[in-house]
Amino acid sequence: MTAPLIIRAEAIPVSLPLARPVLMGGGQRFTHSESLVVRLETDSGLVGWGEASAAPTMTGETLPGMKLVVDRVLLPMLDHAPVLERATMERRLQRAIPGNSAAKCAVNVALYDLLGRHYRVPVHALLGGLARTRLPVMHLLANATVEEDLDEAVRKQAEGIRLFKVKAGVKPVADEIAMLSALRERLGPEAMLCADANTGMGLDDACDYARAAAGAGLLFFEQPLPDHDLDGMIKVAQAGGAPTCADESAHDIDHIIAWHRAGAIAGVNLKTIKLGGIAGLMRAAIVSGQLGLKINLACKAGESSLGTAALVHLGYTVPNLDWGITPSSQYLAEDIVRAPIRPVDGTIPAPTGNGLGVEVDEGAVDRFRTAA
Ligand SMILES: [Mg+2]
C-alpha cells in the first residue's frame with residue numbers, strides 16, 4: 001500500500017447561528033460564530049476536516065485574514081504532501097509564517113483527522129491513548145439576567161453538570177459578586193464555580209471580585225484584565241482571593257512560562273486556536289503540567305462539533321485536566337456534522353470513530369458558507 005498524498009485542499013469560511021446570544025465580559029454580544037473549515041482529500045479517497053473559530057480579540061486574526069493565510073501560504077505547501085509525514089509538514093507550516101495560530105489550527109486538525117482515518121484509529125489513540133474515563137464538562141452561563149443564569153444552572157446541575165462558568169466584567173462588580181453568592185446558595189457546596197471577565201475589568205474591581213469570589217469558593221478567576229497587563233495580574237493574584245487563570249494572555253507556551261514565573265497565574269485556559277491546533281495544545285498542556293499549573297481546555301464560544309471533537313480528543317489525553325473542559329457545540333442552533341456532540345450526564349463519551357470521529361455534513365457546510 002502506498003502512502004496517501006493530499007491532492008485537494010479547500011478552506012471554507014462559515015457563519016454558524018448560536019442557539020441564544022452570548023454576552024461576553026467587556027459588553028460584547030454574539031449571535032453567530034465564525035469559523036474557517038478546512039477540507040483535505042487524498043489520492044486514496046480519504047477526506048479529513050479541521051476547524052478554527054475566528055477570535056480576533058484572542059489571536060488577532062479575522063476570518064478573512066485566516067482564509068487568506070490558509071489559501072495563500074499553508075495549503076499550497078500541502079500539495080501532494082504525504083499524510084503520514086504529519087510532523088514534518090507541521091514543522092514546515094510553522095516556519096512558513098509566524099503567528100497565525102488559528103489559521104494553522106484549522107489545517108493541523110484536518111491533518112490529524114486524515115492520519116486517524118488512514119490508520120483507522122481515533123485521534124486520541126494517535127495522542128497516546130486515554131488518560132481518563134470521563135470529562136468534567138463545564139457549562140457556560142451567559143444570559144442577559146441573573147434569574148436566567150440561576151434557573152439555567154439549576155437545570156444543568158440536574159442534568160449532571162458539576163462545573164459552571166459565569167461571565168464577569170459585564171455588570172457592576174457588586175452585582176456580580178451578589179450573583180456569585182446567589183449561585184453558590186442555589187447550587188450547594190458541591191458545584192464548582194469559576195468566572196471569566198474576558199479582559200473587561202479594571203484592577204480595583206478585579207481585586208475586589210477575586211477576594212469576594214474566594215468566599216464563594218470560586219475554583220478560578222479568568223482573565224480579569226487586558227491581555228498585556230502582567231503587573232496588574234500579579235496584583236490580582238496577590239489579592240488573597242480566588243486562583244487566577246490566563247486565557248487571552250496565554251497566547252503561546254512562552255507567555256504561559258513567563259506569567260507563571262512572574263507569579264501571575266495558578267492555571268491556564270488552553271485553546272486549539274491559540275496554540276496552532278492539536279499538536280501545539282498538547283505541547284502546552286505538558287509544559288503547563290510540568291510547571292504545576294492547573295488546566296482548563298476550552299473551545300471559543302460557538303465552535304462546531306468539528307472543533308469540539310478536536311478538544312474532546314485532547315481532553316481525554318492531556319496529562320491533567322483539573323479545571324475541566326469547555327466544549328461549545330451545544331450552544332449552536334445548527335451544526336455542520338451529522339451527529340452533533342452534546343454533553344450527557346456531565347461528560348462527553350470518548351469518540352470511537354476513526355480520526356476525529358465526526359461525520360461532516362457537506363450540505364450544511366455549504367448552507368453556512370459565508371463571504372470572507
Ligand atoms: Mg476565557
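Me: What makes this chain a two-domain one, going by the domain assignment?
Reply: The assignment splits the chain into domain 1 (6–120) and domain 2 (126–331). Keep in mind that this is a predicted model.

Me: Which residues count as being in contact between domain 1 and domain 2, and how many are there?
Reply: Two residues are in contact if their C-beta atoms lie within 7 Å. On that basis, 31 residues of domain 1 are in contact with 30 residues of domain 2. The C-alpha centres of the two domains, meanwhile, lie 24 Å apart.

Me: What makes up the side of domain 1 that touches domain 2?
Reply: Strands E1 (6–23), E2 (29–42) and E3 (47–53) each give two or more residues, and so do helices H1 (56–59) and H4 (101–119). H4 gives the most, with 9 residues. Sorted by class, that side has 17 nonpolar, 11 polar and 3 charged residues.

Me: Why is helix H13 called largely enclosed?
Reply: A residue is buried if 20 or more other C-beta atoms lie within 10 Å of its own. In H13 (residues 305–315), 11 of the 11 residues pass that test, so the helix is largely enclosed by the rest of the structure. Among them are Leu 306, Val 312 and His 313. For the chain, 52% of the 372 residues count as buried.

Me: How do you know that the chain is as compact as a globular protein of that length?
Reply: Set the two values side by side: the radius of gyration is 20 Å, and the globule rule gives 21 Å for 372 residues. Those are close, so the chain is as compact as a globular protein of that length.

Conventions. Residues numbered from 1 in each chain as written. Predicted model: local features only at pLDDT ≥ 70, side-chain atom pairs only at ≥ 80, totals over all residues. Rg over C-alpha atoms; globule rule 2.2 N^0.38 Å. Buried ≥ 20, exposed ≤ 12 C-beta atoms within 10 Å, placed from the backbone. Helix = DSSP H or I, 4+ residues; strand = E, 2+ residues; numbered from the N terminus. Domains from an automatic or database assignment. Nonpolar A, V, L, I, M, F, W, Y, C, P; charged D, E, K, R; others polar.
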